[in-house]
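Please look at the sequence and the structure below before reading on. The paragraphs that follow go through aromatic pairs, nonpolar cores, a strand hairpin and cysteines.

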Amino acid sequence: MIRKLLITNRGEIAVRIIRACREMGIETVAIFSEADRDSLHTQLADEAICIGPGPSEDSYLNMESIMSATMISGADAIHPGFGFLSENARFAEFCEKCGVTFVGPSSQVIRRAGDKQAARNTMAAAGVPVIPGTDKAILDVKSGKAEANRIGYPVIIKAALGGGGKGMRIARSAEEFSLAFQTAKREAETAFGDGKMYIERFIERPRHIEVQILADSKGNVIHLGERDCSIQRNHQKMIEEAPSAAITEKLRKQLGDAAVRAAKAVGYVNAGTIEFLLDKSGKFYFMEMNTRIQVEHPVTEWVTGLDIVKEQIRIASGLELNLTQKDVVIHGHAIECRINAENPEKRFRPSPGTITALHLPGGQGIRVDTAIYDGYTIPVYYDSMLAKLIVHGDSRDEAIAKMQSALGEVIIEGIDTNIDYLFEIMREPDYLDNNIDIEFLNDHVIAGVNVNDI
């Protein structure tokens, strides 16, 4: 069993991991940048080590400093959380060579899953539905346009090593293709240092559905149902639900079976997520595989009663899953809202600064994952997410009512937040009626904000 765990992350996910380790009797080591010296995760961990200045590239992305902290602290394992180095195959390989347990899949699996084109080919070979598209990397406009003509417009051009909406453009005609391809390729080279692209048929107005899986080193793989992540802006998720109100029991089984096949096809071990697009006719297609814990994992935890972080640690310790697929039962409905330090009325401008007053909601069926506190100063260097507000009810309607109440109770003063924007989404008739897809925010003016004007 892992004895001492170093967490290569910050904010609420670092706090979340520390709490799980406390319950398991595992010592924790927090790393922090100079900008995070007063952060909550540094105060809750058993040890805390500064690894560099505020900018991520000098701290949370500095592999050598992180490994030095690991050796100095005597930690025998590393949990990467999400973001930063969580899907970096080179870092996972670094851990392997240093004899440190990486809480996640192997570096080989991360490489296979992280290359979107290779992952797509693997899924097709495993019988997982994939969107019609290319089966090899595209490097230039001429060959890309030929493939787009073969696939049929509209198409979406994606970075092979992409994520987070970067290196992604839509071309609805041959006339639009050249500019879209060149723009996406430049963005991919800047963001990921790699200009390989792939092209798929663009699915109009789908839902974004993802399936949580757990896989141990003994070959056991199960799924924990699906999450609906369709409410998003610029491909960044904002609200997530479990289960999806658009999924029937028959479709849920099909999705779950496909996710398990996908995990087995790449030899996956640990917690992971298989992401799908669901079209209006009920057909689903593999989109990508995330080889880490997801921001939205709490909604799955609430409807299944499982602690996914603890399961990650148990699996990384070499233990076998202590449950089978038939043991997984979905109870009720959960919703998560991401509360960010940003101003929707000013083009979602980030709002770092000092929190001068804070009140977070509580009560039955309400959970808040956060690392903020009264007087905490939000650094300028990192993601703007302040907290995840998660609610659980017997039904979707009950969960929405609970989320409305909980959002109405949140007080965060001293900075701007998106709380009012989230609250208005919860009151939008189409959201209440479950008429949602990934274009929802583009179709609705929420709290006076039209995202198409941004």
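Start with Y421, which is buried at a relative accessible area of 2%. The model that contains this residue is a predicted one. Y421 and F348 form an aromatic pair. A pair of aromatic rings is described by the distance of the centres and the angle of the planes. For F348 and Y421 the centres are 5.3 Å apart and the planes stand at 90 degrees, which is an edge-to-face arrangement. F348 is found in the loop between β15 (342-343) and β16 (349-350), whereas Y421 belongs to helix α13, so the pair ties together parts 73 residues apart in sequence. F348 counts as buried too, at 4% relative accessibility. The ring of F348 has a further neighbour: R233 lies over its face, 3.7 Å from the ring centre.

How many aromatic pairs does the count come to? The count comes to 10 aromatic pairs. One of them is formed by Y60 and Y382, edge-to-face, with 5.6 Å from centre to centre and 80 degrees between the planes. Y60 sits in the loop between β3 (47-52) and α3 (63-73), and Y382 in the loop between β20 (377-378) and β21; the two are 322 residues apart, and the pair links distant parts of the chain. Y60 is buried with a relative accessible area of 0%, and Y382 counts as buried at 12%. Together with F84 and Y381, Y60 and Y382 form one aromatic cluster.

Next come the nonpolar cores. The largest has 37 residues, and I239, I425 and Y431 have the most contacts inside it. The elements that give two or more residues to this core are strands β11 (236-242), β14 (333-340) and β21 (385-393), and helices α12 (396-409), α13 (419-425) and α15 (440-443). Helix α12 provides the largest share, 5 residues.

Which residues does Y431 touch, leaving aside those up to four places away in sequence? They are I231, I239, E241, I335, R396, I400, I425, M426, I436 and F440. With R396 there is also a charge over a ring: the charged end of R396 sits over the ring of Y431, 4.6 Å from its centre.

A second core, separate from the one around Y431, has 35 residues, among them L5, V15, A45 and V328.

Now turn to two strands. β12 (residues 270-278) and β13 (residues 284-290) run antiparallel and are joined by 6 bridges. L278 stands opposite F284 of β13. The two strands form a hairpin with 5 residues between them, and G282 in the turn has a positive phi of about 95 degrees. Is β13 mostly covered or mostly open? Strand β13 is mostly covered, with 7 of its 7 residues buried.

The last topic is the cysteines. A disulfide is a covalent bond between the sulfur atoms of two cysteines. How many disulfides does a search of the whole structure find? The search finds 0. Why is there no bond from C98 to its closest cysteine sulfur? That sulfur, in C95, is 7.2 Å from the sulfur of C98, which is too far for a bond. C337 is also without a partner, because its closest cysteine sulfur, in C229, is 12 Å away. The surroundings of C98 and C337 can be given as well: C98 counts as partly exposed at 33% relative accessibility, while C337 is buried at 0%.

Notes
Residues numbered from 1 in each chain as written. Predicted model: local features only at pLDDT ≥ 70, side-chain atom pairs only at ≥ 80, totals over all residues. Heavy atoms only, no water. Core = buried A, V, L, I, M, F, W, Y, C linked by side-chain atoms within 4.5 Å. Buried < 20%, exposed > 50% of the residue type's maximum accessible area, 1.4 Å probe, protein only. Helix = DSSP H or I, 4+ residues; strand = E, 2+ residues; numbered from the N terminus. Contact = heavy atoms within 4.5 Å. Pairing = 2+ DSSP bridges. Disulfide = S-S within 2.5 Å. Phe/Tyr/Trp six-rings, centres within 6.5 Å; stacked < 30°, edge-to-face > 60°. Lys NZ or Arg CZ within 6 Å of the ring centre and 35° of its normal.
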